[in-house]
Amino acid sequence: MGALCKPQDMGKWLGFAYAISGFATLIGNPTTGAILDRHESNGLVAFLAAVLASGLISIGILRWQCNGRRWLVMGKI
């Protein structure tokens with residue numbers, strides 16, 4: 001967080017991050033229980049795989065957008 005904002009805005013950024021994670025926890029636990037009740041572990045595995053895949057796609061799209069709509073690989077090898 002320190003690299004993304006000014007020091008005087010750190011509280012706002014951390015509060016927003018905790019609000020998002022708290023909301024996800026509030027919704028995630030009952031959803032998991034409902035999926036386990038209806039579809040057992042196979043349904044839960046499919047749901048979590050879909051959530052992880054959507055996160056991976058979102059990160060890829062954001063990276064592409066932030067790099068000027070081109071793929072850049074920058075790193076020391």
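**Exercise 1. Where is the place of leucine 26?**

Solution. The coordinates belong to a predicted model. Start with the secondary structure: the protein has one helix and zero strands. Next, place the residue: leucine 26 lies in helix 1, which covers residues 10-66. Then check the exposure. The cut-off for exposed is over 50% relative accessible area. Leucine 26 has a relative accessible area of 60%, so the residue counts as exposed. Last, look at the neighbours on the surface: Leu26 joins Phe23 and Ile27 in a nonpolar patch. Together these residues have about 330 Å² of accessible area.

**Exercise 2. Compare the UniProt annotation with the secondary structure of the model.**

Solution. Take the record as the starting point: an unreviewed UniProt entry lists residues 12-32 and 44-64 under "transmembrane region". For residues 12-32, the chain is 100% helix and 0% strand, and the end C-alpha atoms are 30 Å apart. For residues 44-64, the content is 100% helix and 0% strand, with the end C-alpha atoms 30 Å apart.

**Exercise 3. Describe the backbone and the exposure of glutamate 40.**

Solution. First, locate the residue: glutamate 40 is found in helix 1. Second, read the torsion: phi of glutamate 40 is near 60°, a positive value in a residue other than glycine. As background, most residues other than glycine have a negative phi. Third, classify the exposure: with a relative accessible area of 58%, glutamate 40 is exposed.

**Exercise 4. Assess the overall dimensions and the surface of the protein.**

Solution. Begin with the radius of gyration. The protein has 18 Å, whereas a compact globule of 77 residues would have a value near 11 Å. Continue with the extents: along its principal axes the C-alpha trace spans about 45 × 35 × 25 Å. Now count burial, for which the limit is under 20% relative accessible area. Buried residues make up 5% of the 77 residues. Finish with the total surface: the protein exposes about 6800 Å², and carbon and sulfur atoms supply 69% of that area.

**Exercise 5. Find the salt bridge and characterise both partners.**

Solution. The structure holds one salt bridge. The partners are lysine 12 and aspartate 9, and their closest N and O atoms are 3.4 Å apart. This distance passes the criterion because a salt bridge needs a side-chain nitrogen of Lys or Arg within 4 Å of a carboxyl oxygen of Asp or Glu. For the exposure, treat the partners in turn. Lysine 12 is exposed, with a relative accessible area of 61%. Aspartate 9 is partly exposed, at 23%.

**Exercise 6. Which residues does tryptophan 71 touch, not counting residues up to four places away in sequence?**

Solution. Locate the residue first: tryptophan 71 is found in the segment after helix 1. Then list the contacts, which are Gly60, Arg63 and Trp64. For glycine 60, compare sequence and space: tryptophan 71 and glycine 60 are eleven residues apart in sequence and 9.6 Å apart in space, C-alpha to C-alpha. Finally, check the exposure: tryptophan 71 has a relative accessible area of 57% and is therefore exposed.

Terms used
Residues numbered from 1 in each chain as written. Predicted model: local features only at pLDDT ≥ 70, side-chain atom pairs only at ≥ 80, totals over all residues. Heavy atoms only, no water. UniProt positions renumbered as here; feature names shortened; annotations may be inferred. Helix = DSSP H or I, 4+ residues; strand = E, 2+ residues; numbered from the N terminus. Patch = residues over 30% accessible without salt bridge, like charges linked within 9 Å, V, L, I, M, F, W, Y side chains within 5 Å. Areas by Shrake-Rupley, 256 points an atom, 1.4 Å probe, with all protein chains shown as cover. Buried < 20%, exposed > 50% of the residue type's maximum accessible area, 1.4 Å probe, protein only. Rg over C-alpha atoms; globule rule 2.2 N^0.38 Å. Contact = heavy atoms within 4.5 Å.
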